[in-house]
Every structure is written in structure tokens, then in C-alpha cells.
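Please work through the following exercises with the sequence and the structure open beside you. Each task is followed by a solution that goes step by step.

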Amino acid sequence: MAAASTGMYRKEKSIQLKSSSAALYNNLSVLRPPGRPLLCFSTVHGPGVTVVTAAADGLGLTHRQLQAKEGGMAVSTSLLTQAAWCILPSRVLLVLTSQKGIQMYESDGSIMVYWHALDIAEHPPAQAVFARGIAAAGGRFVCVGTSSGQVLVFDIPPKGTNITVSEVLEQHRDAITDIAAELGQAPDGAGDLVTADDAGALCIWSVGEEFALLGKIPAFGCTCSSVKLWHGVVAAGYGNGQIRLYEAATGLLRAEINAHARWIYALDLAPQTGKLLSGAEDSFVHVWQLSRNPDTDDIEIEHRHAECVTDTQVCGACFCDPEGSSFAVTGYDLSEIFRYGPA
């Protein structure tokens, strides 16, 4: 494995958290509010999510704690599974998933605009119940996965609280792990949404008034913990440390990289450049460059940077800008967010 750092990025001032981060997939979300020199970070621990707003230089921090809603006659605390910002043309929502349901807030976490309780009765008695996997899609939808394998599609009005479940996608047999919308320009027939599950199966969807299943990529015996979609390329991270690249239009495997020595917990993609970020239990964060060969149309991947976050099980990794020139990392039991900028 590469040395601790290979030159493209350097460590910047870290952001202190009032609690640590839990060992959950994709346990970091970053929002750059439009037209403001701010960065917002969210990370989950137990029943709460910490939302930190910082100036671009990492100074001037404000913290907000949000709690999992209990729903009904709760006798035990509900644990959160994920928090992520969903950027739609007319508004930005902060979406929280938990063992009880789905909470949607205004982007700063100040007002809860919607609560959807999971129907516990639909699940077998011995099965864990939770929501997980969050993505904005198609300019007006927010898609959220569940432990039963369903994907709930919420229709989001430009403002207000009149949010409705417009569709339920039922193609997965295992708990949803992650959902990703197309970050670039989808080629014809490639679809614009990908869903992943605990068994490692992927589904490719076309987003519209009604969502259409375009294809399935079968599981191969390993959980797919994180997935991204860029210009018709599906990038998927797995429990065996591999990153696999597929053609969204055909489901064909185009590249397979033994990226990490242990379970991958997070992927992110910089839409303007095609840089791919991966973080795993092996304490490494890697930056890769995705591209298409103009002559052969093959998908190519090149390793660009390695960063060792010493003694840390990385559970969240996100770029902080659309070019991928800076990124942030969370780790299990780590009470800070590490930040890296251009070297």
C-alpha cells in the first residue's frame, strides 16, 4: 500500500465534533451552500446527528444536534443510520434515516418539514427495521431505501410540507445500502439512478413520473456498501475492498480494482472532474481518476492519491467541492472531521 500521503493533497485544520462518528456506511455528508463561503458537515452517532457549519478555512464553527424522532409509543431510543443533504433545483433538504422512519429538515436543520414512519408490521418479526440510502433524483424526488429492500420515492414540492410518497420501487430482496443519482450527463439508455443492497445486487433505473427498471447487476457474494453514477459509469464499493466499474446501460463489468485491504465504507465522486474518493476500514483513503478513452470508449481508472488516517476505521469520505480539490473524512469513534486540501 502507498505511503501515508502522495502529494496531491495535504492535511488542513480538522473540525472538532461534540460526539464521535458511528461505524455506519457513508457516514459523512458535505453541503456547500450556493453563493456562500461556507461548508456544512453532518455525521451520525447513535440517536443523534451533528451538523457543523464552518467557514471555508475551517474557522467560525456552529454546531447543531438533531435527534432521531421516536414515532408512536417508543420505548427505546431510535438509532440513526444516515444523514445526507438532498439538493433539488428549488430547495435543499437534510434527510435523516433511522430505525423508526425518515425525517426531512430544511437544510440547516432548523425546521422538520416531513416525517415518514416505517411500517414495522411489514417486516418479519426477527428482522431489523430501518431506512438507509438517500438520494435526490430527477429534480423533484428524494429516494430512500429500507431494510426490506424497498425504495420509497418522495415527491418534493418547491416549498412547503406537502411531501408525498409517489412510488415504491420493489426489486431488491435485501436491505438497501446506498442510492446514487447521475452526477454527470447520462448517455442514451444508461438510466439516471442506481440502488444497491446488502447482498451486493445493483438496480439501474430511469427517473420520471414513473420510475422504470432498466437493468440489474447481480450480486457476487459480497455487500455493496456504497455506489456512485457518473456519465453512465456505475462505481461500486464492496465489503471485500474492491471497487468495480460497470456500464450503466448494459451492466457490463468494465474494471475491477483491489482498492482496499478491508471493507469499503464510503465512495464519493467529484462531478466536474470524475475523481473518485474511497474510504475503508483499512484506514486508507484513496483518490482515483475515472475517464473514458475517446478512441475505444473504454472506462479507465487511475490511482492519484493515498492518505493513511492512522488507526482509524474510515466510515465517511466526501469531496468538499465539485472539482474534487479538497475532501473530508470521518472515522469510527473519531471526534473530529479530518480535512484535506490542495498540496
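**Exercise 1.** Find the bridge partner of Ala 136 in β11, and then describe how β11 is paired with its neighbours and whether its residues are buried or exposed.

*Solution.* Note before starting that this is a predicted model. The bridge partner of Ala 136 in β11 is Val 142. This bridge belongs to the pairing of β10 and β11, which runs in the antiparallel sense over five bridges. The two strands form a hairpin with three residues between them, and in its turn Gly 138 has a positive phi of about 65°.

The next step is to follow β11 to strand β12 (residues 151-155), with which β11 also pairs in the antiparallel sense over five bridges. Here Cys 143 has Val 153 in β12 as its bridge partner. β11 and β12 again form a hairpin, now with four residues between them, and Gly 149 in the turn has a positive phi of about 95°.

For the last step, recall that in a regular strand the side chains alternate between the two faces of the sheet. In β11, Phe 141, Cys 143 and Gly 145 lie on one side, Val 142, Val 144 and Thr 146 lie on the other, and all of them are buried, so that both faces are covered. Because six of the six residues of β11 (residues 141-146) are buried, the strand is largely enclosed by the rest of the structure.

**Exercise 2.** Work out the strand order of the open sheet of four strands, and state which strands are at its edges.

*Solution.* The order is β18-β19-β20-β21, with antiparallel pairing. The edge strands are β18 (224-230) and β21 (253-258), since each pairs on one side only. From one strand to the next the twist averages 15°.

To look at one pair in detail, take β18 and strand β19 (residues 233-238), which pair in the antiparallel sense over six bridges. Within β19, Gly 237 is the bridge partner of Ser 226.

**Exercise 3.** Explain why Cys 40 is not in a disulfide, and carry out the matching check for Cys 203.

*Solution.* A disulfide is a covalent bond between the sulfur atoms of two cysteines. To count as one here, the two sulfur atoms must be within 2.5 Å. The closest cysteine sulfur to that of Cys 40 belongs to Cys 320 and is 11 Å away, which is too far for a bond. Cys 203 is in no disulfide either, with its nearest cysteine sulfur, that of Cys 224, 11 Å away. The structure as a whole holds zero disulfides.

A separate step concerns accessibility, where Cys 40 is buried with a relative accessible area of 8%, and Cys 203 is buried with a relative accessible area of 1%.

**Exercise 4.** Describe the largest pocket and the second largest pocket by their volume and lining.

*Solution.* Begin with the largest pocket, which has a volume of about 1000 Å³. It is lined by 39 residues, and the closest to its centre are Trp 85, Ile 87, Leu 183, Lys 228 and Asp 268. Several strands each supply at least two residues of this lining, among them β10 (131-137) and β22 (264-270), while the largest share, six residues, comes from β6. By type, the lining divides into 28 nonpolar, five polar and six charged residues.

The second largest pocket has a volume of about 150 Å³. Its lining includes Tyr 25, Gln 99, Phe 130 and Arg 132, and the lining residues divide into six nonpolar, three polar and one charged.

Technical notes
Residues numbered from 1 in each chain as written. Predicted model: local features only at pLDDT ≥ 70, side-chain atom pairs only at ≥ 80, totals over all residues. Heavy atoms only, no water. Pairing = 2+ DSSP bridges. Axes fitted to C-alpha atoms, helices over the stretch in contact; angles between N-to-C directions. Buried < 20%, exposed > 50% of the residue type's maximum accessible area, 1.4 Å probe, protein only. 1 Å grid on protein atoms, 1.4 Å probe; cavity = no way out; pocket = protein on both sides within 12 Å on 5 of 7 lines; lining within 4 Å. Points joined across faces, edges and corners; volume = space filled by probe spheres on them. Nonpolar A, V, L, I, M, F, W, Y, C, P; charged D, E, K, R; others polar.
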